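Visitor: Please show me the structure, and let us then go through it by question and answer.

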Amino acid sequence: MDYPRLNSFAVLGLASLFFHHAVLAAPLLRCHVSYAGTTQVIETMPVADPYPVPSVDIGGRFRFKAVMVGSTARIDRILLYAYLDARTQPILVQEAKYLPPFKASAMPYPLTGEQHLYAGPVERELIYSCTLQGVRP
């Protein structure tokens with residue numbers, strides 16, 4: 001039997017298990033954002049600085065920005081921004097702030113419920129909902 005090879009497989013397996021556990025334990029904010037029949041999934045991990053987080057184009061009509069400020073050990077706040085993408089500049093339609101305490105859960109749970117926003121001259125509709133998971137007790 002080749003013991004050095006067996007040991008390297010064991011180390012690789014343990015490292016993989018540790019990495020998998022670390023990824024599962026990290027907080028994850030997942031938002032489903034829909035416009036004109038198309039849904040985009042936006043996933044957000046904790047960041048220390050919220051300002052460099054970019055907004056995401058939603059069908060050329062809206063922009064959506066999800067920010068989770070904190071670390072893997074603690075979430076300080078969650079900020080959601082929805083903008084109407086106007087010709088001159090994006091116009092803020094909604095800003096939502098969620099503060100701790102957050103439910104500790106490895107399974108996703110609904111954070112926002114389903115939100116319907118209307119903007120623009122013909123009141124275009126943006127729909128989103130976000131779940132949160134991986135929050136430590």
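**Turns, pairs and cores**

Guide: Start with E123, in this predicted model. Its relative accessibility is 55%, so E123 counts as exposed.

Visitor: Where does E123 lie?

Guide: The phi of E123 is near 50 degrees, a positive value in a residue that is not glycine. Most residues other than glycine have a negative phi. E123 sits in the loop between β9 (115-119) and β10 (124-133).

Visitor: A36 also has a positive phi. Is A36 buried or exposed?

Guide: A36 is not a glycine, yet its phi is about 55 degrees. A36 is found in the loop between β1 and β2. The cut-off for exposed is over 50% relative accessible area. A36 has 64% relative accessibility, so the answer is exposed.

Visitor: How many bridges join β1 to β2?

Guide: Strand β1 covers residues 28-35, and strand β2 covers residues 38-44. The two form a hairpin with two residues between them. They run antiparallel, and the number of bridges joining them is seven.

Visitor: Which residue in β2 stands opposite H32?

Guide: Stay with the antiparallel pairing of β1 and β2. Opposite H32, in β2, stands V41.

Visitor: Which residue meets E43 in a salt bridge?

Guide: The salt bridge count for the model is three. One of them starts at E43, with N to O at 2.6 Å, and its partner is R30. The pair links distant parts of the chain, 13 residues apart: E43 in strand β2 and, in strand β1, R30.

Visitor: Are E43 and R30 buried, exposed or partly exposed?

Guide: Partly exposed runs between the 20% and 50% limits. E43 has 46% relative accessibility, so it counts as partly exposed. R30 has 23%, so R30 too counts as partly exposed.

Visitor: How far apart are the closest N and O atoms of D57 and R63?

Guide: D57 has 35% relative accessibility, so it counts as partly exposed. A salt bridge allows N and O within 4 Å. D57 and R63 form one, with the closest N and O atoms apart by 4.0 Å.

Visitor: What is the N to O distance between D76 and R74?

Guide: D76 counts as partly exposed because its relative accessibility is 26%. R74 is exposed, with a relative accessible area of 55%. Their side chains meet in a salt bridge, N to O, at 2.4 Å.

Visitor: Turn to the rings. Why is the pair of Y35 and F62 edge-to-face?

Guide: The whole structure holds three aromatic pairs by the search. In this one, the ring centres of Y35 and F62 are 5.4 Å apart. Planes over 60 degrees apart count as edge-to-face. The planes of Y35 and F62 stand at 70 degrees, so the pair is edge-to-face.

Visitor: How many residues apart in sequence are the parts that Y35 and F62 tie together?

Guide: Both Y35 and F62 are buried. Y35 lies in strand β1 and F62 in strand β5 (residues 62-70), so the pair ties together parts whose separation in sequence is 27 residues.

Visitor: Are the rings of Y81 and Y83 stacked or edge-to-face?

Guide: Both Y81 and Y83 are buried. Their ring centres are 6.4 Å apart. Their planes are at 20 degrees, so the pair is stacked.

Visitor: Which ring does the charged end of K103 sit over?

Guide: The charged end of K103 is 5.3 Å from the ring centre. The ring belongs to Y109.

Visitor: Which residue does a cis peptide bond join to P100?

Guide: Most peptide bonds are trans. Here omega is about 10 degrees, and the bond is cis. The partner lies in the loop between β7 (90-98) and β8 (109-110). P100 is joined to P101.

Visitor: Which element gives the largest share of the largest nonpolar core?

Guide: This core has 27 residues; L29, F64, I78, L80, F102 and L132 have the most contacts inside it. Elements giving two or more residues are β1, β5, β6 (75-85), β7, β9 and β10. The largest share is five residues, and the element is β6.

Visitor: How many residues has the second, separate core?

Guide: Among its members are V67, V69, L79 and Y81. The count for this second core is six.

Definitions and conventions: Residues numbered from 1 in each chain as written. Predicted model: local features only at pLDDT ≥ 70, side-chain atom pairs only at ≥ 80, totals over all residues. Heavy atoms only, no water. Pairing = 2+ DSSP bridges. Helix = DSSP H or I, 4+ residues; strand = E, 2+ residues; numbered from the N terminus. Phe/Tyr/Trp six-rings, centres within 6.5 Å; stacked < 30°, edge-to-face > 60°. Buried < 20%, exposed > 50% of the residue type's maximum accessible area, 1.4 Å probe, protein only. Lys NZ or Arg CZ within 6 Å of the ring centre and 35° of its normal. Core = buried A, V, L, I, M, F, W, Y, C linked by side-chain atoms within 4.5 Å.
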